[in-house]
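Reader: I have a structure open and would like to talk it through with you before I go back to the bench. Could you take my questions as they come?

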Amino acid sequence: MILVTGGAGFIGANFVLDWLAAHAEPVVNLDKLTYAGNLENLAAVQRDSRHVFVHGDIGDSQLVERLLREHRPRAVINFAAESHVDRSIHAPGTFIETNVVGTFRLLEAVRAHWSGLQGAERDAFRFLHVSTDEVYGSLAAKDPAFSEQHRYEPNSPYSASKAASDHLVRAYHHTYGLPVVTTNCSNNYGPYHFPEKLIPLMIVNALAGKPLPVYGDGQQIRDWLYVGDHCSAIRRVLDAGRLGETYNIGGWNEKPNIEIVHTVCALLDELRPKPGGGGYREQITFVKDRPGHDRRYAIDARKIERELGWKPAETFETGIRKTVQWYLANGEWVQRVQSGAYREWISTQYAQAA
Ligand code: NAD
Ligand code: DAU
């Protein structure tokens, strides 16, 4: 079996659902259920005996050691993190606790477990760390895309905390020989994406008749990848990635934010026309920019394509249409994640951005 951390969040839940749909192999899913973790994302596998959910913290060494001892997973895949850049600007402490200290404690528990393994079980063991392109910093308009050799230059408390965790993972390989691989992926989108992030926030606000808050001039560029393609890349790296290596994952889909928002509006105009007439674009509002806002990310995904033969299955056009359709079909999920804590975050963040 495998042990997944953070498997009740956006990417982790998609990974667990895809894994159990494609493999017989069970999953132990360790998640703290922060505001971003939602067991409803895993409703489809609630009664599947191959899915063992454990409510807990990656920083709880005793718990992690017990799970490793009892379940003897052949791999640990670490998705657990605080993941929202704006929240890291308002309150960086939890990012340091989970992304840095939590990853450190997880690595220590995994190292202790792996050191006691022998033979084929030891040889087969993997620790796969899921990271982000944001560790590389920001690109100018004409710079080449981030390759795995690009210097780390994180600019937000979030990206700095992820960079620190990547360095720890690297060090555990070089110092202790822990069999690790790290993936650095670009911006994901798709089902179960928490509506604090750009694409789901725009869909949800558009449908509610609320402003669509675009930071600054809306010309910042992100490189978008459908979440199912990120999950297939992680499965491929787990199967065949070289130990101690890092793999950049991306879909060659660089787009300015304003274009993303226009695309979402156009799809909603087509699929759920405004009852009173007019277009969703009328709701776009330019607001104060994010402090330290990175201008451009772009992933050079040639290494994973060349070495592991991975390619994304979705284009941006097919992926974004599926995503908008998913949100239209899952209004109840949206309503339920918009809890009191969510409403508090939205009023704090956008009062300051106005
Ligand atoms: P998310 O915020 O949606 O989910 C994070 C999950 O981790 C939640 O279920 C949360 O409850 C859990 N968690 C948080 N702290 C924990 C702790 N201390 N112990 C156990 N569980 C804890 O995040 P996401 O967007 O699904 O991102 C998952 C991973 O992928 C993160 O490591 C993130 O840095 C990375 N990543 C995200 C993107 C993206 O576009 N979303 C892109 C590249 C990489
Ligand atoms: O690049 C990978 C990263 O992508 C992941 O590591 C992070 O976990 C994930 O949250 C995401 O970070 P971003 O900061 O790029 O995503 P976000 O959805 O917050 O913002 C995308 C872009 O849209 C960014 O340029 C900021 C802008 N934006 C965002 C929000 C929430 C807006 O213009 N308005 C908004 O209301």
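Author: Let us begin with Arg126, which is found in strand 5, and keep in mind throughout that this is a predicted model.

Reader: Is Arg126 buried or exposed, then?

Author: Arg126 is buried, since its relative accessible area is 19% and a residue counts as buried when that value is under 20%. As for its place relative to another part of the chain, the C-alpha atom of Arg126 is separated by 20 Å from that of Phe53, a residue 73 positions away along the chain.

Reader: And strand 5 itself, to which ligand shell does it give the most residues?

Author: Strand 5, which covers residues 126–132, gives three residues to the shell around ligand 1, and that is the most that this shell receives from an element. At least two residues each also come from helix 1 (10–22), helix 6 (157–176) and strand 7.

Reader: Which residues come nearest to ligand 1?

Author: There are 28 residues around ligand 1, and those that come nearest are Ile11, Asp31, Ser83, Tyr158 and Lys162. In the case of Ser83, an N or O atom of the side chain is 2.7 Å from an oxygen atom of the ligand. The backbone takes part as well, with a polar backbone atom of Ile58 placed 3.0 Å from a nitrogen atom of ligand 1, and a backbone N or O atom of Leu33 placed 3.4 Å from an oxygen atom of ligand 1.

Reader: How much of the accessible area of ligand 1 does the protein cover?

Author: On its own ligand 1 has 830 Å² of accessible area, and the protein covers 96% of that.

Reader: What is the mix of nonpolar, polar and charged residues in the shell around ligand 1?

Author: The shell around ligand 1 divides into twelve nonpolar residues, twelve polar ones and four charged ones.

Reader: Let's move to the other one. Which residues come nearest to ligand 2?

Author: Ligand 2 has 23 residues around it, of which Asp133, Tyr158, Asn187, Arg290 and Tyr350 come nearest. Tyr158 is also listed among the residues that come nearest to ligand 1.

Reader: What about the polar atoms there, say in the side chain of Tyr350?

Author: An N or O atom in the side chain of Tyr350 is 2.6 Å from an oxygen atom of ligand 2. Glu134 likewise uses its side chain, with a polar atom 2.8 Å from an oxygen atom of that ligand, whereas for Tyr215 the atom in question is a backbone N or O, again at 2.8 Å from an oxygen atom of ligand 2. The protein covers 95% of the 690 Å² of accessible area that ligand 2 has on its own.

Reader: Which elements give two or more residues to the shell around ligand 2?

Author: Those elements are helix 7 (198–207) and strand 8 (212–215), and strand 8 gives the most, with three residues. By residue type, the shell around ligand 2 divides into nine nonpolar, eight polar and six charged residues.

Reader: Changing topic, how many helices and strands are in the protein chain?

Author: The protein chain has 13 helices and twelve strands. Its radius of gyration is 20 Å, close to the 20 Å that the globule rule gives for 354 residues, so the chain is as compact as a globular protein of that length. Buried residues make up 55% of those 354 residues, and along its principal axes the C-alpha trace spans about 65 × 45 × 40 Å.

Reader: What does UniProt place at residues 3–323?

Author: The unreviewed UniProt entry places the feature "domain: NAD(P)-binding" there. In the model, the span 3–323 is 41% helix and 17% strand, and its end C-alpha atoms lie 27 Å apart.

Reader: Back to backbone details: what is the phi of Arg72, and what of Tyr192?

Author: Most residues other than glycine have a negative phi. Arg72, however, has a positive phi of about 45°, and Tyr192 has a positive phi of about 70°. Arg72 is in the loop between helix 2 (61–71) and strand 4 (75–78), while Tyr192 lies in the loop between strand 7 (187–189) and helix 7.

Reader: How do Arg72 and Tyr192 stand on accessible area?

Author: Arg72 is partly exposed, with a relative accessible area of 43%, whereas Tyr192 is buried at 18%.

Reader: One last thing, which side chain does Asn99 contact?

Author: The side chain of Asn99 is joined to that of Ser161 by a polar contact of 3.0 Å. Asn99 is found in helix 4 (residues 93–115) and counts as buried, at 1% relative accessibility.

Key: Residues numbered from 1 in each chain as written. Chains lettered and ligands numbered in written order. Predicted model: local features only at pLDDT ≥ 70, side-chain atom pairs only at ≥ 80, totals over all residues. Heavy atoms only, no water. UniProt positions renumbered as here; feature names shortened; annotations may be inferred. Helix = DSSP H or I, 4+ residues; strand = E, 2+ residues; numbered from the N terminus. Near = heavy atom within 4 Å. Polar contact = N/O pair within 3.5 Å; in protein donor to acceptor, adjacent residues only side chain to side chain. Areas by Shrake-Rupley, 256 points an atom, 1.4 Å probe, with all protein chains shown as cover. Nonpolar A, V, L, I, M, F, W, Y, C, P; charged D, E, K, R; others polar. Rg over C-alpha atoms; globule rule 2.2 N^0.38 Å. Buried < 20%, exposed > 50% of the residue type's maximum accessible area, 1.4 Å probe, protein only.
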